[in-house]
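The exercises below are meant to be worked through with the sequence and the three-dimensional view side by side. Try each task before reading the solution that follows.

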Amino acid sequence: MKQKILQIISRAWQWIRQLWTWYKSLYQGRPWYVKTLVVILSLFVSFFLYLGAVDMNFLWLFGKSPSMSTIKNKRPAEASMIYSADGKLIGKFFSENRTPVEYEEVNPVFWHALIDTEDERFFSHHGIDYTAFAAVAKEYVLHRDARGASTITQQLAKNLFRTRSEYSTGLLGNIPGLKMLIMKSKEWITAYKLEYFFDKKEILTRYANTVDFGSNAFGIKTACKTYFGCAPKDLKTENAAILVGMLKATTYYNPLINPENALKRRNIVLDLMQKHGHLSKAECDSLKQLEIKLDYSVENAYDGQANYFREAVANELKDWCHDNGIDLYTAGLRIETTLDSRMQKYAEDAARKQMKQVQQTFNSHWGSTNPWQDAHHQEIPNFIEDIAKRLPVYKYLSKKFDGDEDSIRFYLNQPHTVKVFDYDKGQVEMQLSTMDSIRYMVRFLHCGFVAMEPQTGHVKAWVGDIDFHTWKYDKVTAMRQPGSTFKLFVYTEAINQGITPCDYRKDEYFSMKVMQNGEEVTWAPHNADGRFTNANISLKQAFAMSVNSIAVRLGQECGIDNIVKTAHDMGIKSKLDATPSLTLGASDVNLLEMVNAYCTPVNDGKAHDPVLVSRILDSDGNEIYKASEEETQAIPYRSAFLVQQLLMGGMSGTSSRLMGFVGYDKAASTDFGGKTGTSNNHSDAWFIGTTPRLVVGAWVGGEYRSIHFRTGMLGQGNRTALPICGYFLKSVLDDPAFKQYRAKFEPCKDATITPDMYNCGGYFREEVDSTDVANDSIDVDDTPAQLLDEFGNPLPRPSKTPEPDNADNTANPPHNAEALKEE
């Protein structure tokens, strides 16, 4: 092998010597004009050999250049467009805000202005304008005036392929003076290749779609919208001249930042258009008298509708993009989502309307008292200070003052201008110190809302909080305790095991031994009002009125592990702690998975994952993704039908207020169901409502669990979360465009199910708080509920049941509690 290599080298050296001998013979004994011609030809040959060496990166001396395939198929970074199910553009994903257009979509005056100014011989050269190059060389030699001679094709090569940044200049690029020559050489080579693959209109179009016009406006379409609020086809001549003039220096000639410079540059472009016959002198003089008129609006990544939903879409597509080698922010995708823009508007309006009222009540409830209090209603020491320590400003001051707390505290308490949220004005500027701004902001209550089609899993509305620009943390996916909304899975598992809604269990005090921090303690679950009826109550009634004692009993009877499995089968993804308190909602879950799990019984027991994106098209219009329609039978049809009856039964219990918001007339055309939930200390308030075609859910609570109402009458789910769902459902069901959501459940398909399994007495008759939705949605009504026994006779309201001194009667004991035995 070594011998062969040496032979090849030897032959190459011999060939070079022979070539040199021949080349010298061209000079020896020749007339001067022959020698001159040989020199000129030698320069040309050397130049083209040099370009070939640059293009092929000979001996790694020049760095990599764009390949033929790359040049033919390269696209500039394009924004991916996000569309709602009703065809509305709701936002974009982009790193460079660019939306390509076709040549015919641009007013011809822009092309005239561009060519007349940037490359007057564009249609006669093949990528390099030698005439302009020679003129520049002459100017430089005579006047040392270095001006550009790049053609539009060369500028496209530089912009599209980043020949000065993305491609190295090889070993020779480290030699001073050679780096720029190599980069320019690559632009020339790439320009020639572009002219080979594309016609002149295609090159112009690619250039217009690629160029940066400043203000985060990439491409002619975005530039027209940013500066003049118009489409490219509606671009006026004087405005086309402004955009072309900016290409020389986007900041110096920016009409917003430097209007005088922009005006002078615009008039130069207009003169050039007159010179080349695209404007008459009268037209040119008239346009030069006009003032610059802008309709300026910079589009950012958060413009548009449903910001929380769009962030969720980006998170959902992250793995898919990685697996398919797609950059979501540059690929120019068309992302078709399941969200309906009209329903989204109803949801945002409902959330804001209710939360404004809840916040007013919360502020009145606490007054000047700080709301950050523990379970014993004692203010938490250093609560605000601990939040401040997690802020970047605290870390900056700590570093600056070497941890000196007095100096840090001094500056944290200095007032300055800050932007804070206000329900009436959006964001307002106030003079607050850092500490006072924290105190102001933590007093706000927050919410999340989701609406989903149970048959498809399509998410139709998604509200992650009150205001995305103030709070970007999405409460739809935030982990919180679900309270009594989790009882759905307890009762579903009971029905799976053969129990029916009309079976009875006794509402009575009991306790059990559990493990807490490695020690055995007594836990005694209690009902929300602290009382027990000691009566036999139907499960339908117990579910409707959220009787805790019966839910915990059922949990022990059916097995906590079985309940965990059923919850996961129905759609819960979060890890659940298999402890007795799970039956009362002690394990954290999020709103999205809860709403999805409630869809399962509504969909006759079939479960599927939430669907946010229905399909995706690439930049050429080819479908590259389609949402799965796969579903599984998570629970038997029998169980699903009986759970539907439980949910509808809830409308006579804790969920009864829903109809006051939706309207009682809707009951004639639509079946409604629901379940409320409230966690310890009223920190989390929930409501999940069901109809045969739409399931909705809302959560309300503080950013920190210590921020909450002090009473259940103000903080429970049917006072705070339920009205959001009520307002939304009313808007949707009143809209003729959504008549498909008005529906009744189908008759029972299982002949083994008889009416006496789900039609039974023993309902709570609860007075409706208010049938007038114009009233304060969280007014307190202290009218006690009336309980009927299994024979329909009224039961006397019991007094509060005394409990042992050592019993932990909280609704939710610690997550690690382990039931040992019942007493």
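**Exercise 1. A sheet with mixed pairing**

Which residue in β3 is the bridge partner of I82? Place this pair in its sheet, bearing in mind that the model is predicted.

Solution.
- Step 1. The bridge partner of I82 in β3 is I335.
- Step 2. The strands concerned are β1, residues 80–83, and β3, residues 334–337, which pair in the parallel sense over three bridges.
- Step 3. β3 is also joined by four bridges to β13, residues 613–617, and here the two strands run antiparallel; within β13, R615 is the residue that stands opposite E336.
- Step 4. β13 in turn pairs with β14 over three bridges in the antiparallel sense, and I616 stands opposite Y625 in β14.
- Step 5. Put together, these strands belong to an open sheet of five, in the order β2-β1-β3-β13-β14, with mixed pairing. Its edge strands are β2 (89–93) and β14 (623–626), each of which pairs on one side only, and the twist from one strand to the next averages 20 degrees.
- Step 6. Helix α13, residues 307–324, lies across β1, β2, β3, β13 and β14, and runs at about 50 degrees to β2.

**Exercise 2. An antiparallel sheet and the helix across it**

Give the strand order of the open sheet that contains β6 and β7, and state which strands stand at its edges.

Solution.
- Step 1. Five strands form this open sheet in the order β7-β6-β18-β17-β16, and the pairing is antiparallel.
- Step 2. The edges are held by β7 (459–463) and β16 (673–678); each has a single partner strand, so one side of each is left without a neighbour in the sheet. Neighbouring strands are turned by 10 degrees against each other on average, direction ignored.
- Step 3. For a closer look at one pairing, take β6, residues 445–452, which four bridges join to β7 in an antiparallel arrangement; in β7, W462 is the bridge partner of V450.
- Step 4. Helix α28, residues 722–734, lies across β6, β7, β16, β17 (684–690) and β18 (695–702), running at about 140 degrees to β18.

**Exercise 3. Two helices that cross**

Describe how α14 passes α28, and sort the residues of their contact by character.

Solution.
- Step 1. The axes of α14, residues 341–366, and α28 come within 8 Å and cross at roughly 145 degrees, and the crossing is right-handed.
- Step 2. α14 contributes M343, Y346, A347, A350, A351, K353, Q354 and M355 to the contact, while α28 contributes P723, I724, Y727, F728, S731 and V732.
- Step 3. These residues divide into eleven nonpolar, two polar and one charged.

**Exercise 4. Cysteines, linked and buried**

Which two cysteines form a disulfide, and where in the chain do they sit?

Solution.
- Step 1. Taking sulfur atoms within 2.5 Å as the cut-off, the count comes to one disulfide.
- Step 2. The pair is C502 and C760, with sulfur atoms 2.2 Å apart, and the angle of -90 degrees about the S-S bond makes the link left-handed.
- Step 3. C502 is in the loop between α19 (487–496) and β8 (504–506), whereas C760 is in the loop between α28 and β19 (764–765); the two are 258 residues apart, and the pair links distant parts of the chain.
- Step 4. With under 20% relative accessible area as the limit for burial, C502 counts as buried because its value is 10%, and C760 because its value is 14%.
- Step 5. The same label applies to C558 because its relative accessibility is 4%, and to C725 because its relative accessible area is 0%.

**Exercise 5. An enclosed helix**

How many of the eleven residues of α21 are buried, and what follows just after the helix?

Solution.
- Step 1. Eight of the eleven residues of α21, residues 548–558, are buried, so this helix is largely enclosed by the rest of the structure.
- Step 2. The buried residues are N548, S549, I550, A551, V552, L554, G555 and C558.
- Step 3. Just after α21, G559 takes a positive phi of about 100 degrees.

Methods:
Residues are numbered from 1 along each chain as its sequence is written. This is a predicted model: local features need pLDDT of at least 70, side-chain atom pairs count only at pLDDT 80 or more; totals for chains, interfaces and linings use all residues. Side-chain values use heavy atoms; hydrogens and water are left out. Two strands pair if DSSP finds at least two bridges between them. Axes are lines fitted to C-alpha atoms, for helices over the stretch in contact, and angles run from 0 to 180 degrees between N-to-C directions. Contact means heavy atoms within 4.5 Å. Buried means under 20% relative accessible area, exposed over 50%, partly exposed in between (1.4 Å probe, protein chains only). A crossing is left-handed if the near helix is turned anticlockwise from the far one by less than a right angle, and right-handed if clockwise. Ala, Val, Leu, Ile, Met, Phe, Trp, Tyr, Cys and Pro count as nonpolar, Asp, Glu, Lys and Arg as charged, and the others, Gly among them, as polar.
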